[in-house]
Amino acid sequence: MTVQTNAGTQLRISPTAPATYDDTGFAAIVDWVEVAEVVSIGEHGGTAALVTHNPLKTRRTAKFKGSINNGSMPVGLGMDLTDAGQQALIDGALGANIDVDHSVEITYQDGSIEYFSAKVMSFSRNPGTIDQIIAANTTFELVNDIIDA
């Protein structure tokens, strides 16, 4: 991937887990649904917890990497409750698929793809002001590493 804008980026989700956790497993999923009216995709990726050790003799803090948290990813939307993708987000956050880890696919302008599994944690509405599109926000909690394809 080279430097590029987000113009043309697409987000798709599926309640189906990949058969294998690699690009082949994700690409084999057949029930992807595109989420319409995506206006922003937030920062996402893993972060290690800091583990420290303070030996009396050295007076120095030793630092280590502990557990890895794959993080969360906020997504901003123009709300469209007739869209199948946004309905899938609602089902994942609050409905029939509330306990399902969803497969997520992000396709960038140059055709590069990111795959990961995530819990859909929220779907909130933001009516805003007279000069705004009625918005919605959703948040994914990544449960696995990001796979680049």
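## Salt bridges and overall layout of a predicted chain

Reading along the sequence, the pattern is β-α-β-β-β-β-β-α-β-β-β-β.

Biologist: How many helices and strands does the secondary structure come to?
Modeller: Keep in mind that this is a predicted model. Its chain starts on a strand and has the order β-α-β-β-β-β-β-α-β-β-β-β. Tallied up, the secondary structure comes to two helices and 10 strands.

Biologist: How many salt bridges does a search of the whole structure find?
Modeller: One of them pairs the side chains of E105 and R12. Another pairs K119 with D101. For the whole structure, the search gives two salt bridges.

Biologist: How many residues apart are E105 and R12?
Modeller: Their side chains meet in a salt bridge at 2.6 Å, N to O. E105 sits in strand β7 (residues 102–107), while R12 belongs to strand β1 (residues 10–14). That makes it a link between distant parts of the chain, with the partners 93 residues apart.

Biologist: Is E105 buried or exposed?
Modeller: The cut-off for buried is under 20% relative accessible area. Its partner R12 has 27% relative accessibility, so R12 counts as partly exposed. E105 comes in at 5%, so the verdict for E105 is buried.

Biologist: Which parts of the chain hold K119 and D101, and how many residues apart are those parts?
Modeller: The salt bridge between the K119 and D101 side chains is 2.5 Å, N to O. K119 is in strand β8 (residues 113–126), and D101 is in the loop between α2 (84–94) and β7, so the pair ties together parts whose separation in sequence is 18 residues.

Biologist: Is K119 buried, exposed or partly exposed?
Modeller: Partly exposed covers the range between the under 20% and over 50% cut-offs. D101 has a relative accessible area of 30%, which puts D101 in that class. K119 has 37%, so K119 is also partly exposed.

Biologist: What share of the contacts between residues at least 6 apart joins residues at least 24 apart?
Modeller: For scale, the chain has 149 residues, and 32% of them are buried. The C-alpha trace spans about 65 × 40 × 35 Å along its principal axes. Of the contacts between residues at least 6 apart in sequence, the share joining residues at least 24 apart is 63%.

Biologist: How far apart are the mean positions of the positive and negative charges?
Modeller: The accessible surface comes to about 9,000 Å², with 53% belonging to carbon and sulfur atoms. As for charges, the chain has 8 positive and 18 negative ones. Their mean positions are separated by 25 Å.

Conventions. Residues are numbered from 1 along each chain as its sequence is written. This is a predicted model: local features need pLDDT of at least 70, side-chain atom pairs count only at pLDDT 80 or more; totals for chains, interfaces and linings use all residues. Side-chain values use heavy atoms; hydrogens and water are left out. A salt bridge is a side-chain nitrogen of Lys or Arg within 4 Å of a carboxyl oxygen of Asp or Glu. Helices (H or I, at least four residues) and strands (E, at least two) are DSSP runs, numbered from the N terminus. Buried means under 20% relative accessible area, exposed over 50%, partly exposed in between (1.4 Å probe, protein chains only). Contact means heavy atoms within 4.5 Å. Accessible areas come from the Shrake-Rupley method with a 1.4 Å probe; for residues, only the protein chains shown count as cover. Lys and Arg count as positive and Asp and Glu as negative; His and the chain ends are not counted. The place of a charge is taken as NZ of Lys, CZ of Arg, CG of Asp or CD of Glu.
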